[in-house]
Amino acid sequence: MILLDYIVNLAIFSLLVSTPLVIFSFIKFRPIKLIRLWSSLYAGVVSVILVLLSFQQQGYSYDIRYAPIILIFAYLGPAAGLITGLISLLTRLLTSGHWYPAIIGWGFLMIGFSVIYFYTKRLTAIKRSFILFAAYIVIYGITVFTFNILVDNPIFHIQYILFVMLGVIIGALLIESYMKLHRLNTRLTDIYRMVEASESKYRLIAENTSDLIMVMDEKQAVSYFSPSHEIVLGFQCCELESLELCKFIHPDDVKGFRSTIKLMFDNKESQSMEFRLKHKEGHWIEFESRCVPVKRENELIGNIVIISRDISERKQAEEILLRSEKLSIVGELAAGVAHEIRNPLTTLKGFMQLYKKENSSIDELLLNELGRIETITSQLLTLGKPQAMQLIRTNILEIIEGTLELLAPEALMSNIQFKLDYEEPSYFITCERNQLKQVFLNLLKNAMEAMKDGGEIQINLRRGSEDECIISVQDQGCGIPEELLPRLGEPFYTLKEKGTGLGLMISHKIIKQHQGSITFTSKENAGTKVEIKLPTAS
Ligand code: ADP
Ligand code: MG
C-alpha cells in the first residue's frame, strides 16, 4: 500500500508543480517583483498538501515534502527555501507526533542546504538540486540512525528516498522544460521582431526608391519587381509579372541584356549594363543597371538582383556638354575665318565708296549687300565669345517680312512662293534684330534648298501661351530622315555638297540666347516644319 500512497503523492506533486508553469507559459511573461517570495509561499502550500497526504508507518508519518524544499533551495536560494521549509515543518508538527527527529532533521537540512547553496552558486540549478538531494540522503540516514527509526526496515527507507528522488527529478524536469520553452519563446519573439524590423526597413527602401529593383531567379524569370516600377514605367507590378521581361526591353538591347545575364551565370560575377525600357505610354527610358549574383550554398547562382537607374537626364547633360564643347571649337574657328574675310572686305568697301564718289551711278544695293556681309562676318567673329547683345523691342513680323523681301529674287528663280500668315498684326519681342534676321535667313534658305522643283513655303505666326509667340516655317521639300533629326544643329553637319553645316548651329545658338526654343518635325519627301518659340515683350 505504501507504493500506492507514494504514487498518489508523486502524481499530485507533479500536478502542483506543472500547474503554475503551464499558466505562466500561456500568459505573457512579465518579470514579477517578489517572485521568490511568492514561489516559496506556493511551494510551502505544495508541501502542506504533501504533508496532508502523508501516511503513517509504525507511528511515523512519511511524505515527500522535501522534494519541493530541495527544488526551491536549488532554484531560488536559501531565503525562499527557508520559508517553504518553515511552512512544511509547521504543518508536519501540527499533523503528527515524533517532533524531535522531525525538528532536528529539519534543522540540519536547512543548515546543510544553505551551506551547499553558498558553495554551489556557480553550478546550474539542476546540478545543485542533485547535490542537495545527496546531502538530504546523508542527513536523513544520520537522523534515522540517531533516533533509531525503523532501522530494521531498510527497504522502507530506500523506497522513501527513491520516491523523494523521483519527486525531485520530476519537479526539476518540469521546471527545466518550462524554462527551456520560455527561453526559446523569448528568442523566437526576438528573432521575429528582428525579422519584422529588417523586413520593414527593406520594404521602406524598396517602396520609396526611384531605382528599379528586380530579382531574377535561376530560370531567368523575374520573381520580384519593386513598387518603383509603377512610378517610373507606369506599369502595375502585377502587369509586369504576367509579361515577359524582354517585351519591355528595347529590341536593339535584348541581345545585349541576354548575353550579360548569361555571362553572369557562367562567371558568377557582378556586371553593369545599359538598356532601354518601355514606358506604359510607349516612349523608351534609358537605364543603367548593376546586376549582382546571389549564390546558393552549392556555389551556383540562385538569384540575380538587378538595380536600374534612369539615366536619361545624365545622357542629355552629356549631350549638351558635347554640343557646347563643339560650339566653342567652332566659335574659335569662325573667329579666325571671319577675321580673314573682314580685312579684304574692308579694302573692297573702301575702294567701292571711293569709286562711288567718282561714279555716282554705282548701285546702292551693291554697297548695302557688302555692308550686310560685313555685319555677318563681325557676328561670326563674336560667335566664339558671349556677345553683348543690343536688345531692341521689335515687331518680329517686320523682321520676317524684311527677310522674305531679301530672298524674293532667289525664290522667283527657283519657282518658290512664300505664304505668310499671321493672326495679329504685331508680335513684339525683345531681340537683336540682325541675329534674328540671320536665323530666318538660314531657315528659309534651307527650305528653299530642299525644294529643288519649287513649291510653297508657308510661314505662320501665332501666339502660343500668354507670353510666347510661335513662328513656323513649313516647306514641301525632301524632308529629313528621322534618325538624322537629333543631329541637326551639330556644327559641320550637312548633307549638301556645298553646304557648311553651320546654319542651323548658329540658329540654335541665337534662339537660345533669346530664351527661345527651336524644334524640327519632318517627313521624308513630304516636307519639314521648323517651329521657333520666343518670349514676347510686355
Ligand atoms: P547647310 O545648309 O550648310 O547644309 P545647315 O546647318 O543649315 O547646314 O543644315 C544642316 C542640314 O540639315 C542640311 O544639310 C540639310 O540636310 C538639313 N536640313 C536643314 N533644313 C532642312 C529642310 N528644311 N529640309 C530638308 N533638310 C534640311
Ligand atoms: Mg543651311
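Trainee: How many disulfides does a search of the whole structure find?

Mentor: This is a predicted model, in which local features need pLDDT of at least 70 and side-chain atom pairs count only at pLDDT 80 or more, while totals for chains, interfaces and linings use all residues. Side-chain values use heavy atoms, without hydrogens and water, and residues are numbered from 1 along each chain as its sequence is written. A disulfide is a covalent bond between the sulfur atoms of two cysteines, and here the term stands for a pair of cysteine sulfur atoms within 2.5 Å. For the whole structure, the number of disulfides found is zero.

Trainee: Which cysteine holds the sulfur closest to that of Cys-431, and how far away is it?

Mentor: Cys-431 has 0% relative accessibility and therefore counts as buried (under 20% relative accessible area; exposed is over 50%, partly exposed in between, with a 1.4 Å probe and protein chains only). Its closest cysteine sulfur is too far for a bond; that sulfur belongs to Cys-469, at 9.7 Å.

Trainee: Is Cys-291 buried or exposed?

Mentor: The relative accessibility of Cys-291 is 0%. Cys-291 is therefore classed as buried.

Trainee: What is the order of the strands in the open sheet of five strands?

Mentor: Helices (H or I, at least four residues) and strands (E, at least two) are DSSP runs numbered from the N terminus, and two strands pair if DSSP finds at least two bridges between them. The pairing in this sheet is antiparallel; for example, three bridges join β3 (residues 212-217) to β4, and Met-214 stands opposite Phe-225 in β4. The order is β4-β3-β7-β6-β5.

Trainee: Why is one side of β4 and of β5 left without a neighbour in the sheet?

Mentor: Each of these strands, β4 (222-225) and β5 (271-278), has a single partner strand. One side of each therefore has no neighbour in the sheet, because both stand at the edges.

Trainee: Which helix packs on the sheet?

Mentor: The packing helix touches β3, β5, β6 (284-295) and β7 (301-310), contact meaning heavy atoms within 4.5 Å. Its direction makes about 150° with that of β5 (axes are lines fitted to C-alpha atoms, for helices over the stretch in contact, and angles run from 0 to 180 degrees between N-to-C directions). This helix is α10, residues 251-267.

Trainee: What is the radius of gyration of the protein?

Mentor: The radius is taken over C-alpha atoms, and the globule rule is 2.2 Å times the number of residues to the power 0.38. For 538 residues the rule gives 24 Å, and the protein lies well over this value, so it is more spread out than a compact globule. The C-alpha atoms fill a box of roughly 165 × 45 × 45 Å along the principal axes. The radius of gyration is 51 Å.

Key. Chains are lettered from A and ligands numbered from 1 in the order in which they are written.
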